[in-house]
Amino acid sequence: MTRAQWADVRRILSAYVRRGDPAIAARDVLLACPDVAIAQAAIGEARERSRSATTRAALGRLSRLMRAHAAGCERIARMLRAEVDHDRPLPSVDEGIAFCRKLFDWSVRQNPESSVALCSLGSPRLLARVTHEIVAAFAQWGVLGRDRDTLEIGCGIGRMQVALSGRVRSAHGIDLSAGMVRAARKRCAHLGNVHIQTTSGRDLARYADRSLDLVYAVDSFPYLVQSGMALVETHLREAARVLRPGGDLVILNFSYRSDAAKDRRIVRALAKRHGFAVVRCGDKPFAHWDGEAFHLRKAARPLND
Ligand SMILES: C[S@@+](CC[C@H](N)C(=O)[O-])C[C@H]1O[C@@H](n2cnc3c(N)ncnc32)[C@H](O)[C@@H]1O
């Protein structure tokens, strides 16, 4: 392990001991050091060095979780070492879309759960825990209802559509990866109000004006941002077009650039340009996932009505 990796792992472990979710810490340790044996050794060493019983107990929990999901951790480490993914800005929207399509077609073949959330460690149970938290938050924010039509941009394997199907009138999902669309259709085949479609990744063209009550994106906006702000701008304009008056746009994670203040500034400016009120702006409302939440609401009556 290099000095820089060791420093990263130490920073991650101390944040984990303060904040507390071992699955998030396991993901971050693997991102910093994609070799499970070395990662486990680093956690063991930090545990031995610590004089605090609380820290040792927390590090013990992390180590046990990684052992319990050893195969999932190994797979994630292999996926990271393959370097199909990276977070460098892409030179054009065309290249961004081609990159995402290739990345997610490949990722879903490695493992469905890891392809949509590394902090699932490849486990359906850990992924379901995060999904339930998101659905509970949506319910609390008042964006669900049996009279509501919903659309997810970047639906991946369709976990959100399965979870929302019984709580909304319709649960649409679009994705630019054919592999993801196949996985989502299979997962949702028994649900009559779920509709999964392939998208060009450029817009929401297949949806009519004022036809939806909730448009949301779970961890897909960072890829739009990576493809360029022109694509983000188009999706905000499109969301404003397809939402009914008073409809909601929820974005969970806007970018991966680790500059929360900048993301908040950009989202506020986008909201203003496209006629949304900002309901929440970049807080971290989840215990089992560190996604940042942005909730925008379209004016109940358009200004020119
Ligand atoms: C990290 S995965 C999350 C999947 C899903 N939202 C979830 O949380 O389970 C990101 C997804 O966004 C999709 N995606 C990326 N860019 C997209 C775009 N421009 N339009 C539609 N989907 C996109 C990817 O193919 C991938 O399935």
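Modeller: One term before we start: two residues are in contact when their heavy atoms come within 4.5 Å. Please also keep in mind that this is a predicted model.

Colleague: Thanks! To get my bearings, how many helices does the chain have?

Modeller: Helices and strands are both present in this chain. There are seven strands, and the number of helices is 13.

Colleague: What radius of gyration does the chain have, and what would a compact globule have?

Modeller: Along the principal axes, the C-alpha atoms fill a box of roughly 65 × 40 × 35 Å. A compact globule of 305 residues would have a radius of gyration near 19 Å. The chain agrees with that expectation, because its own value is 20 Å.

Colleague: What share of the contacts between residues at least 6 apart in sequence joins residues at least 24 apart?

Modeller: Let me start with burial: 54% of the 305 residues are buried. As for the contacts between residues at least 6 apart, those that join residues at least 24 apart make up 69%.

Colleague: How far apart are the centres of the positive and negative side chains?

Modeller: The accessible surface comes to about 14,100 Å², and carbon and sulfur atoms account for 50% of it. Turning to charge, the chain has 49 positive and 32 negative side chains. The distance between the centres of these two sets is 4 Å.

Colleague: I always check cysteines before choosing a buffer. Why is Cys33 too far from the closest cysteine sulfur for a bond, and which residue holds that sulfur?

Modeller: A disulfide needs two cysteine sulfur atoms within 2.5 Å, and a search of the whole structure finds zero. Cys33 is buried, because its relative accessibility of 3% falls under the 20% cut-off. Its sulfur is too far for a bond because 12 Å lies between it and the closest cysteine sulfur, the one in Cys73.

Colleague: And which residue holds the cysteine sulfur nearest to Cys73?

Modeller: Cys73 is likewise in no disulfide. Cys73 has a relative accessible area of 0%, so it counts as buried. Its nearest cysteine sulfur is 12 Å away and belongs to Cys119.

Colleague: Why is helix H2 called largely enclosed, and which helices are among those that cover its buried residues?

Modeller: Helix H2 spans residues 22-32, and 10 of its 11 residues are buried, so the rest of the structure largely encloses it. The buried residues include Arg27 and Asp28, as well as Ile24, Val29 and Leu30. Among the elements covering them are helices H1, H3, H4, H5 and H8.

Colleague: What is phi at Leu121, which is not a glycine?

Modeller: Most residues other than glycine have a negative phi. Leu121 sits in the loop between helix H7 and H8, and it is buried because its relative accessible area is 1%. Its phi is positive, at about 50 degrees.

Colleague: Is Arg210 buried, partly exposed or exposed?

Modeller: Arg210 also has a positive phi, near 50 degrees. Its place is the loop between strands E3 and E4. With a relative accessibility of 41%, Arg210 counts as partly exposed.

Colleague: Last one: leaving aside neighbours within four places in sequence, which residues does Ser114 contact?

Modeller: Ser114 lies in helix H7 and is buried, because its relative accessibility is 3%. Beyond those sequence neighbours, its contacts are with Ile76, Met79, Ser120, Leu121 and Gly122.

Technical notes:
Residues are numbered from 1 along each chain as its sequence is written. This is a predicted model: local features need pLDDT of at least 70, side-chain atom pairs count only at pLDDT 80 or more; totals for chains, interfaces and linings use all residues. Side-chain values use heavy atoms; hydrogens and water are left out. Helices (H or I, at least four residues) and strands (E, at least two) are DSSP runs, numbered from the N terminus. The radius of gyration is taken over C-alpha atoms; the globule rule is 2.2 Å times the number of residues to the power 0.38. Buried means under 20% relative accessible area, exposed over 50%, partly exposed in between (1.4 Å probe, protein chains only). Accessible areas come from the Shrake-Rupley method with a 1.4 Å probe; for residues, only the protein chains shown count as cover. Lys and Arg count as positive and Asp and Glu as negative; His and the chain ends are not counted. The place of a charge is taken as NZ of Lys, CZ of Arg, CG of Asp or CD of Glu.
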